[in-house]
Amino acid sequence: MLQLSHVEAAYGTSQVLFDVNLEVPQGKIVTLLGRNGMGKTTTVRSIMGQLPNKQGIRFDGADICGETPDAIARRGIGLVPEGRIVFPTLTVRENLVATAANRSRNAQGWTLERIYQLFPRLQERHGQLAQTLSGGEQQMLAIGRALMTNPKLLILDEATEGLAPVIRGEIWRCIEALKAAGQSILLIDKNLHVLKRVADYHYILEKGRTVWSGDSAALTRDAETVYRYVGL
Amino acid sequence: MLVLEQILNGIQFGIALFLMSAGLTLIFGIMGVINLTHGSLYMVGAYAAAIVAAKTGSALLALLAGLAGAAVAGVVIEALVIRRLYARDHLDQVLATFALILIINQTATMLFGRQPLFVAMPPALSHSVTLLPGLVYPVYRLVVIGVGLLVAIGLALLINRTRIGMLVRAGATSREMVRALGVDIRLLYTVVFGLGALLAGLAGAMAGPIIAVQVGMGEQILILAFVVVVIGGVGSVRGAFYGALLAGLIDTLLRAFLPGLLRQVMTGSGADALGAGLSSMGVYLLMAIVLLLRPKGLFVKQS
Amino acid sequence: QTPLKVGFITTLSGPGGYLGQDIRDAFNLAIKMQGGKLGGVPVEVVVEDDGLKPGQGKQIADKMLKNDKIKLFTGIVFSNVSGAVVPDVLDAGGIYVSPNAAPSTFSGKGCNKNYYVISWQNDSLHESAGQNATELGFKTAFILAPNYQAGKDALAGFKRFFKGKIVGEIYTKLDQTDFSAELAQIRAAKPEMVFQFQPGGLGIAFLRQYQQANLNTEIPMVVAEPSLDAVTLKAVGDAALGLNVTAHWNADFDNAANKEFMAAWTKEYNRPPTYYAAQGYDTALAIGAALKETGGKVDDTDAFRKAMLKADFKSVRGNFKFGPNQHPVQDWYALKVEKGADGAPHLNTKRKIMSAYGDSFAKDCKL
Amino acid sequence: MTAPLLDVQGLSKRFGGLTATDSVDLTLPEGELHALIGPNGAGKTTLISQLVGALPHDSGSIKLAGEEIGQLPVWKRVHRGLGRTFQITQLLPDFTALDTVMLAVQSRHGHSFRFFADARRNRAIRTEAAQYLDQVGLAPRAQARVGDLAQGERKQLELAAALAGKPRLLLLDEPMAGLGTAESQQMIGQLAALKGKITMLIVEHDMEAVFTLADRVSVLVYGKVIAQGDVEAIKNNEDVRTAYLGEGDV
Amino acid sequence: MAWRWLLAAIVAALLVALPFAVRSFGYESFTGLATQVLIYGIAALSLNLILGYGGMVSFGHAAFFGVGAYAVGILYYHMADDSLFLGLVPGTDAMLVTLPAAMIVAGLVAAIIGAFSLRTGGVQFIMITLAFAQMLFFLFVSLDTYGGDDGLIMRRRDVLPFLDTRDPTTFYYLCLAAAALWLGVTYCLVRSRFGFVLNGMRQNENRMAAMGYAPYPYKLVAFVIAGMGAGLAGALMANYLRFASPDMLHWTKSGELMMMVILGGAGTLFGPLLGAAALVILEAVLTAYTENWQLPLGIILLAIVLFSHGGIVALVRRFLPDKP
Ligand SMILES: Nc1ncnc2c1ncn2[C@@H]1O[C@H](COP(=O)(O)OP(=O)(O)OP(=O)(O)O)[C@@H](O)[C@H]1O
Ligand SMILES: Nc1ncnc2c1ncn2[C@@H]1O[C@H](COP(=O)(O)OP(=O)(O)OP(=O)(O)O)[C@@H](O)[C@H]1O
Ligand SMILES: [Mg+2]
Ligand SMILES: [Mg+2]
């Protein structure tokens, strides 16, 4: 589904990514791990075409280097960005429907009703401006918004950040449900023990390079190495 | 009856102001671009209409030409200049669009000369009708009111009810995010900018038969349009509409009645001068008062 | 012989640009007609646009005075620009000949030996309109003008010569585009006539809205020429029909100088000349007459003055003399807008209303 | 017994129909590290904003060391000894990290209506600011532009800026949010080191941090405090489990 | 850094030598042009303090410029007329009195306008400052005594002991000194504690409040200082032109001042001076060259905004190594 080989990226003159390699197979959940500032978000930006000078990114069988972010998104990537970035001056409902689409041509696509079922909180607040939502509510909204584009690949950059444990639990359940439905997902998160359970394959970034990769079993096995790269 | 007529005049003027402000709300209030060329687009609309009217004699063709001329000019400006400025701060937008004003004005002077153009009033609309006994009113002004109302309703629906409206509003604050969700925002913005320009053109074409069509006509009304948008609250079509009505009414009523009132308390010439001075300041005073009471304008939620 | 440089500072940009353009074009036309010379002296006109900004006008004057060593200036359209520029020119020992702007500052106590006006004194324009209104037998008038100095002068000038009663007096805004409130007041006041001073684009808007309100069929209007020149007449069209205008010049004046001017203008420029053009042309002729006498010398300002004050040229207006304040003493005429044979409205001269009239400031000038 | 450092009584705030905080009572004795937890949208940030004065409250009282501060503007409360960090970092992107902390120190040193001497050259302020940066582990990044800092570094800078004000009561709104595992550990360590020296109210969804650090915990649900007690009591509170903690590993 | 100081020194030397240089080349009027540049430079510098450093986009800065000019003009008028202003204040033409008076009056007006305007922010602030400036504009237009819209003419420049202000070169040096002084003031100000806080306010008021700074007083003081600077510039301009007119308060003048700041580089020390020089000189050169001067001017301005990213200063920086 998604393939990165030897990806480099820079902000202006300061290079951040040097050699990122990863692959998200169809229907699998893959994680990207690493400490703060190692380039996880930058990798996501490169995939989305938000940073110039990139090479070696393929999605759904096509080379997507040099395409504009909107073209890449229309190929079927749904992004839940770091820091949520909901549309502050739109209501909750408008946030959900504004960019809605059916990109995976799924008959059973996500609808407003299904999102509201997933996050009843959003239904309660449907007429409220997104800028006045609490942090957690905004997070739910961002996930809902990405799902409403019915993406082939969902990218979640720290999607459980700032959520109450109950909600976090719900989101994990929801991610597992998505996986069961065959959704491919690229996950960035810090809750290793959960990731081990829900994800299939893991990559670790260190200073802009992929330095480790393996499945969940390997992650447990190499605890030593992982600890060095990621922390507990 | 005079009071009634003056109120009607105020409403009429307000709606004419709204026609001008409508496009501005779209571009300034919603897309978040300080577009000083809005006045120039208004002028382009007026010129295009005037020239086609002179060539063909058809008011309808003239109107279409005004709309098309301004819209095309808007799209060209957007594609060549404004597009590069969305991400920049307001200051760069001010400077760039100011430069565009100079360019457009001078080009218009070179092409069409410095003399004001003649625009014929469509014969069907050139008479007056009696609304109430003692209240005769020019048909053309009634048409202006009608068109203004239509634009207000259409624009409000577009912005608040359609996905285009939502996306434009979303793009104003989170441009990158809108793109990342798969929307070709460049195209969207070009279209919306063109629509804003088209509305400016509409205002210009409609104003042609009642004011002087000449270079510089846009700047006179530009500031007033900004004032209206700010009074109503930036980003709100409803705000621009009521803001325009309020400004139109205040302006008209002050002009109509203030000198008379003042004359009752002071000498004639002093009253006239003061009255005229105060009514010139009227809209600005209104805006200052509104902003002091509601710092974000009348129709925007205060935080 | 190196040509004599004439500094021509005028307004070419913005809505007032067509005034400066007409003055400049007529001035150049006069020179062209004399084969690149004025009064037999080769001249070179250095034109710059002041942008209707006093500071810019002043900067241009400074440059012309100092770098180009120009002594003879003309061209300014608007009185606020002349307020900034003229004192500089005069203080530097230069000469200024005004083709248009003539604020009262320089016509009474503030008059100057080296300052000449070819056009009129501001107030005279409107005094003639007052006279015309009186002669036309109107008993009541409603008057309005923008709220600035020239507007106030206009109303004062009109009232000085109007014998009837003023039933309404309004000051409008300088940047006004909508006159419905004023029109409603006029209708309510039921005057016998309206006098308005709305120059340029303001006048176009006012007249068109006046017509739409059907007032032009009910209440006649008397104005002075700034409210209806040839350009605004063209832009206003039928809405101007029936208008009473007073002027010191009109295209149809039947004198040799004017016929020559009209023929040359029509040949050169594809548009009707405004009275600003006539003034620009006369300015060139007046300067030419003086230069002829001094042999092209402008350094001896006293000699130049002596020559200039003779006003030995054929004005397109007919009679022209300088008064004691070096402003014109001339005749004023009543004009009317009527439908011509071609179906378009024309300004037709009707009768003379004032003869050899100067202005009311001349008496304060001690030269 | 001396008065508690913070004494909040009946604090309420409504947004239209929504009651974001509903007569909250909260007292913090000097030196306590108090955690405030609760579901998203419970009103925790709202409560902090009311405490610092960024949001006016509808009713209730806020006393700091016995003095009513509920009507004071933010900046005055800061000078009375309140400090805060923001859930969504609020920083000065064009300044360096050091500049930022220097500004905070400068504020504590008194008003800044001084128009001539170069502020950045002030030795005393500079060294003091450098210490705070060092304390949160940002010393190597002192000269970096804030706009270029990574998320974790920004969180640390927020803390440094708050500490530079030498607050008596520090209000921390999700200090761990956005931090990686390692960085969270580091932050927990730093807060632990401050524990006892500064009274702290900490809002956090990271239960590990809450349970390691807190002396006492309050649970806010729909604007109401539904439970209060030490860590064990809260862990075992049934209502808290259903409303907030949930089951299993998260 | 060294490069920059060297450059500054060269420019300073050129500025001092300018009157002699232009005279020997026969372009004497350039002294006057340079004087205008310096005066507008002061006004732009003052605007930059609030716009560039403080983030307060004032669209009414010409109000203070005009008020300063009128203060000088009105004092002169009453001196010439031998009457009292408001029946209280006698007129004068002593520059040592008129310049400070102009600054004080402009500062007072700024305090009043600022006190109201600073209650808003963002776009609303832009428009409310514009509104106040326009109200003042209409006020001066309707002041018959002081010439209304025709403006107020001063027959002579204000006088100074020992110096002949009527001499263009002397007056140029006077303005050069004033500009240098104001540049120095700005330099100190933006580096001072006050400037530090002001700069922080521009970036994030919430953060500043959370650090214990009250936004309002700092912004107001900056606004008043800026108003005084503009008042000084206006006073000098009235003297230079020997003329004050409402056109000095019009919004287009405020716009021009903004253009100068942005063109030069907002939030930079020398930007406003460069911007003023660029705009004034471009206008002067282009008007001399063609009557359609607005076209090339517009194109040049547009090119600078689109390609410079930060005005002339940014362009200059690109050609100068940042560190020696
Ligand atoms: N806009 C930017 N300009 C310059 N440098 C940047 C920018 N954004 C990020 N960086 C730098 O790039 C590096 C990688 O940042 P990135 O956001 O990709 O890290 P991350 O792995 O996502 O970290 P986190 O876990 O904190 O989100 C960091 O050192 C950061 O300082
Ligand atoms: N300005 C506002 N207008 C309307 N509602 C608001 C406003 N600010 C906050 N709210 C609402 O008040 C409630 C409490 O918000 P608050 O930000 O305090 O939650 P929180 O407890 O901090 O949540 P989180 O843990 O997700 O950050 C939320 O439902 C939010 O939508
Ligand atoms: Mg990240
Ligand atoms: Mg919160």
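**Exercise 1. Find which atom of A:Glu158 approaches ligand 1, and place that contact among other polar contacts of the ligand.**

Solution.
Step 1. A polar side-chain atom of A:Glu158 lies 3.4 Å from an oxygen atom of ligand 1. A polar contact here is a pair of N or O atoms within 3.5 Å; within protein, one must be able to donate a hydrogen and the other to accept it, and residues adjacent in sequence count only if both atoms are side-chain atoms.
Step 2. For A:Glu82, a polar side-chain atom is 2.4 Å from a ligand 1 oxygen.
Step 3. A:Met38 uses its backbone: an N or O atom there lies 3.2 Å from an oxygen of ligand 1.
Step 4. Ligand 1 taken alone exposes 630 Å², and the protein buries 79% of that. Accessible areas follow the Shrake-Rupley method with a 1.4 Å probe; for residues, only the protein chains shown count as cover.

The model is predicted: local features need pLDDT of at least 70, side-chain atom pairs count only at pLDDT 80 or more, and totals for chains, interfaces and linings use all residues. Residues are numbered from 1 along each chain as its sequence is written, chains are lettered from A and ligands numbered from 1 in the order written, and side-chain values use heavy atoms, without hydrogens and water.

**Exercise 2. Describe the shell around ligand 1.**

Solution.
Step 1. Count the residues with a heavy atom within 4 Å. There are 15, and A:Asn36, A:Gly37, A:Thr41, A:Thr42 and A:Glu82 are the closest.
Step 2. Check the chains. Chains A and D both supply residues, so the site is shared between chains.
Step 3. Look for the main contributor. Helix H1 (residues 40-47) of chain A gives the most, with 3 residues. Helices (H or I, at least four residues) and strands (E, at least two) are DSSP runs, numbered from the N terminus.

**Exercise 3. Characterise the fold of chain B.**

Solution.
Step 1. Chain B has 11 helices and 2 strands. Their order along the sequence is α-α-α-α-β-β-α-α-α-α-α-α-α.
Step 2. Its radius of gyration is 20 Å, close to the 19 Å that the globule rule gives for 303 residues, so chain B is as compact as a globular protein of that length. The radius is taken over C-alpha atoms; the rule is 2.2 Å times the number of residues to the power 0.38.
Step 3. Buried residues (under 20% relative accessible area, 1.4 Å probe, protein chains only) make up 63% of the 303 residues in chain B.

Technical notes:
Buried means under 20% relative accessible area, exposed over 50%, partly exposed in between (1.4 Å probe, protein chains only).
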